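User: I am new to this structure and would like to understand how its parts fit together. Could you take me through it step by step?

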Amino acid sequence: MRLLHTMIRVGQLDRSIAFYTEVLGMTLLRRHDYPEGRFTLAFVGYGDEDSNSVIELTHNWDTDSYELGNAFGHLAVEVADAYATCDAVRAKGGKVVREAGPMKHGTTVIAFVEDPDGYKIEFIQKGTR
């Protein structure tokens, strides 16, 4: 068994695809409209779906935004340098909500950014866990 994908609902699909591909450097792997159901699915990730876990962006055509609730936490991405990655995200118009630095009560270097829908993405610096 393996984890295939994590699905998140997004209000504006093109804006979300742009964030995950242009700001976070993922690839749009596939996108399919379902006119009968009035929704579109787009899959983004750092590698092909055959050997990598990816993110499914679900856009329901009649819904512009969602309440995130308090159950979902965040997505985590390993990065070589959390400090430089935050700088790159900021330079591309992304929102850094927790600057890179050691986690509270530990030594792992982390940072958090927020996607256009308010989902948090944690950067974990490789080699600091």
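The questions and answers below deal with the sheet, then with two of its residues, and then with a helix.

User: In what order do the 4 strands of the open sheet lie?

Analyst: This is a predicted model, and in it 4 strands form an open sheet with mixed pairing. The edge strands, each pairing on one side only, are S1 (5-9) and S2 (27-34). From one strand to the next the twist averages 20°. Read across the sheet, the order is S1-S4-S3-S2.

User: Which residue in S4 stands opposite Ile 8?

Analyst: Strands S1 and S4 run parallel and are joined by 5 bridges. Opposite Ile 8, the residue in S4 is Leu 57.

User: Is Leu 41 buried or exposed?

Analyst: Leu 41 belongs to strand S3 (residues 39-45), and among the residues it touches are Tyr 34, Glu 56 and Thr 58. Because its relative accessibility is 14%, and the cut-off is under 20%, Leu 41 counts as buried.

User: How far from Glu 56 is the nearest side chain of opposite charge?

Analyst: Glu 56 is found in strand S4 (residues 54-60), where its contacts include Met 7, Leu 41 and Phe 43. Although Glu 56 is buried, it has no salt bridge, a pairing that would need the charged atoms to lie within 4 Å. The nearest side chain of opposite charge, that of Arg 30, is away by 6.7 Å.

User: Which residue just after H1 takes a positive phi?

Analyst: Helix H1 covers residues 13-23, and its buried residues include Phe 19, Tyr 20 and Val 23. Just after H1, a positive phi of about 80° is taken by Gly 25.

Terms used: Residues are numbered from 1 along each chain as its sequence is written. This is a predicted model: local features need pLDDT of at least 70, side-chain atom pairs count only at pLDDT 80 or more; totals for chains, interfaces and linings use all residues. Side-chain values use heavy atoms; hydrogens and water are left out. Helices (H or I, at least four residues) and strands (E, at least two) are DSSP runs, numbered from the N terminus. Buried means under 20% relative accessible area, exposed over 50%, partly exposed in between (1.4 Å probe, protein chains only). Contact means heavy atoms within 4.5 Å. Lys and Arg count as positive and Asp and Glu as negative; His and the chain ends are not counted. Two strands pair if DSSP finds at least two bridges between them. Axes are lines fitted to C-alpha atoms, for helices over the stretch in contact, and angles run from 0 to 180 degrees between N-to-C directions. Lists of a residue's contacts leave out its neighbours within four places in sequence.
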